[in-house]
Amino acid sequence: TVLGLIVFRFGTFIPLPGIDPHILSDIFARNQNGILGMFNMFAGGALERMTIFALNIMPYISASIILQLGQSVIPSLAALKKDGEAGHRKITHYTKMLTVLITIIQGYGIAVGLEGMTGSAGVSAVVNPGYVFKFTTVVSLVGGTMFIVWLGDQITSRGVGNGSSLIITVGIIANIPGALAQTFELGRVGSMSLGVIALLMAMIVGLIYVIVLVERAQRKITIQYPKRQMGARMMSSENSHLPLKINPTGVIPPIFASSLLLLPITIANFSAENGPSWVQSLSQLLGHGQPLYLGLYAALIIFFAFFYTAIVFNPEETADNLKKHGGFIAGIRPGKNTADYLDYVITRLTVLGAAYLTALCILPEVLISKLSVPFVLGGTTLLIVVQVTMDFVGQLQSHLIAYQYEGLIKKAALSNRGKKK
């Protein structure tokens, strides 16, 4: 896992061919408080340096969103989902093919945008504009994105944790020291008062506390099992719990919402300088911290909170499993009544979870846009970092416990062999 993440960080410093880095840094310095700064945050600084990993894993996430939405609409995709491992492999294959297509579109948009953008002296960042530059840019970005997708798969299958989430998290963490330094520099030069900086740091600590508290919180539904006979023994009745998280979707809604917004906003921003007036107006309305951007972001978070909850939790299936094993909820008849009750509970929890995610991601964005604080200190990034870190630590503990059990089993086997001899 560590080696895979190191390889990813090395790749964020390999530049695309044919770009003047000095003019590019000048262009980015003038646009870093816009959507480019947010895109750069998810790319781990790769967009600022315009490297082969500039798009990061975002095209793959966009493709995953489209395929998951398609499974709810297209019967053939829904049938693949039920085919088990073979169906999962086909869906993964389709997702990667769609990732290539999305990366080609985004890569071409970036190439055209770079040719149209100029530095302070009016000089283009591209040394030799033309079809050759567009082609090499698209090929380099497609290769870089697909390599990240492969690297994420290797971390997931051979390492610890979810590779895609870890890659996004490492990219964000790499920008945190620079963001803190930039914030303290604003205080040093007098652009921001020490009181505001202290309030900002307190807000970050408070957000981390709230995230851990809510992500750990569960709604436990008591499940009762009646007396049953196993062989010659009569087992007494038992009580168990069905834990339902307040936020069952985790970091998925903010990541999906950001990924879906970045595609049209990036194209609009790159086309704004030389494009028609309506594109320039749209680019301004979709600027970071603008009401239209915040409204779309909030709506997408709420939509994906409900959509993904419906994917990860099926009340009918859970009710059927409880009925098969003889379990029931006190006062609720097994079968359809249990499914309706579970659906009622999970809907209320999803409302709370969606409100929590929306407030967590939107309120800090408003403050950041007003105070010109780096995006990496926002609620979305903190949620991703804290949630992924908690999942990573949990999986690490599971690996350690499994390793200890393996050691105990080996010792027991050796001792038994010694006794037999």
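Let's start at the surface: Tyr131 counts as exposed, because its relative accessibility is 73%, over the 50% cut-off. This tyrosine sits in helix α7, and its C-alpha atom is 9.6 Å from that of Ala111, a residue 20 places away along the chain. Everything here comes from a predicted model, and the rest of this briefing walks from the overall picture to a few spots worth a look.

**The whole chain**

- You're looking at 421 residues, of which 44% count as buried.
- The chain is built with 15 helices and five strands.
- Take the contacts between residues at least 6 apart in sequence: 73% of them link residues at least 24 apart.

**Helix α4, a mostly hidden helix**

- Helix α4 covers residues 58–73, which makes 16 residues.
- From first C-alpha to last, α4 reaches 23 Å, close to the 22 Å expected at 1.5 Å a residue.
- Twelve of those 16 residues are buried, so α4 is largely enclosed by the rest of the structure.
- Among the buried ones are Met58, Pro59, Tyr60, Ile61, Leu67 and Gly70, along with Ser62, Ser64 and Gln71.

**How α4 meets α6**

- Helix α6 runs over residues 85–116, and its axis comes within 8 Å of the α4 axis.
- The two axes cross at roughly 125°, and that makes α4 oblique to α6.
- The crossing of α4 past α6 is right-handed.
- On the α4 side, the residues involved include Pro59, Tyr60, Ala63, Ile66 and Leu67.
- On the α6 side, they include Ile91, Tyr94, Leu98, Thr99, Ile102 and Thr103.

**How α1 meets α8**

- Helix α1 (residues 2–11) packs against helix α8 (residues 163–188), with the axes 10 Å apart and an angle of about 55° between them.
- That angle means α1 and α8 are oblique to each other, too.
- Their crossing is right-handed.
- From α1, Leu5, Phe8 and Arg9 make the contact, and α8 answers with Leu166, Ile167, Val170, Gly171 and Ala174.

**The nonpolar cores**

- In soluble globular proteins, nonpolar side chains tend to be buried together.
- Here, the largest nonpolar core has 64 residues, and the ones touching the most other members are Met50, Ile61, Leu114 and Tyr297.
- Helix α12, at residues 291–312, gives the most to this core, with nine residues.
- There's also a second, separate core of twelve residues, including Leu244, Leu322, Ile329 and Leu349.
- What does Met50 touch, once you skip its neighbours within four places in sequence? Its contacts are Pro15, Leu16, Ile19, Leu24, Ile110 and Leu114.

**The loop between α3 and α4**

- Thr51 is in this loop, and it's buried because its relative accessible area is 0%, under the 20% cut-off.
- Thr51 and Thr12 are 39 residues apart in sequence, yet their C-alpha atoms are 5.8 Å apart in space.
- Asn56 belongs to this loop as well, and at 1% relative accessibility it counts as buried.
- Most residues other than glycine have a negative phi.
- Asn56 goes the other way, with a positive phi near 55°.

**Thr145 in helix α7**

- Helix α7 spans residues 131–158, and Thr145 has its place there.
- Thr145 counts as buried, at 1% relative accessibility.
- Sequence neighbours within four places aside, Thr145 is in contact with Ile52, Leu55, Asn56, Pro59, Thr99 and Thr103.
- Some of those partners have already come up: Asn56 is in the loop between α3 and α4, Pro59 is one of the buried residues of α4, and Thr99 and Thr103 are among the α6 residues that α4 meets.

**Ala257 in helix α10**

- Is Ala257 buried or exposed? With a relative accessible area of 0%, Ala257 is buried.
- Ala257 lies in helix α10, which covers residues 252–272.
- Beyond its neighbours within four places in sequence, Ala257 is in contact with Tyr297, Leu300, Ile301 and Phe304.
- The C-alpha atoms of Ala257 and Tyr297 are separated by 6.2 Å, although the two are 40 residues apart along the chain.
- Tyr297 should ring a bell, as one of the residues touching the most other members of the largest nonpolar core.

Conventions
Residues numbered from 1 in each chain as written. Predicted model: local features only at pLDDT ≥ 70, side-chain atom pairs only at ≥ 80, totals over all residues. Heavy atoms only, no water. Helix = DSSP H or I, 4+ residues; strand = E, 2+ residues; numbered from the N terminus. Expected span 1.5 Å × (residues − 1). Buried < 20%, exposed > 50% of the residue type's maximum accessible area, 1.4 Å probe, protein only. Core = buried A, V, L, I, M, F, W, Y, C linked by side-chain atoms within 4.5 Å. Contact = heavy atoms within 4.5 Å. Axes fitted to C-alpha atoms, helices over the stretch in contact; angles between N-to-C directions. Parallel < 35°, antiparallel > 145°, perpendicular 65-115°, else oblique. Left-handed = near helix turned anticlockwise from the far one by under 90°.
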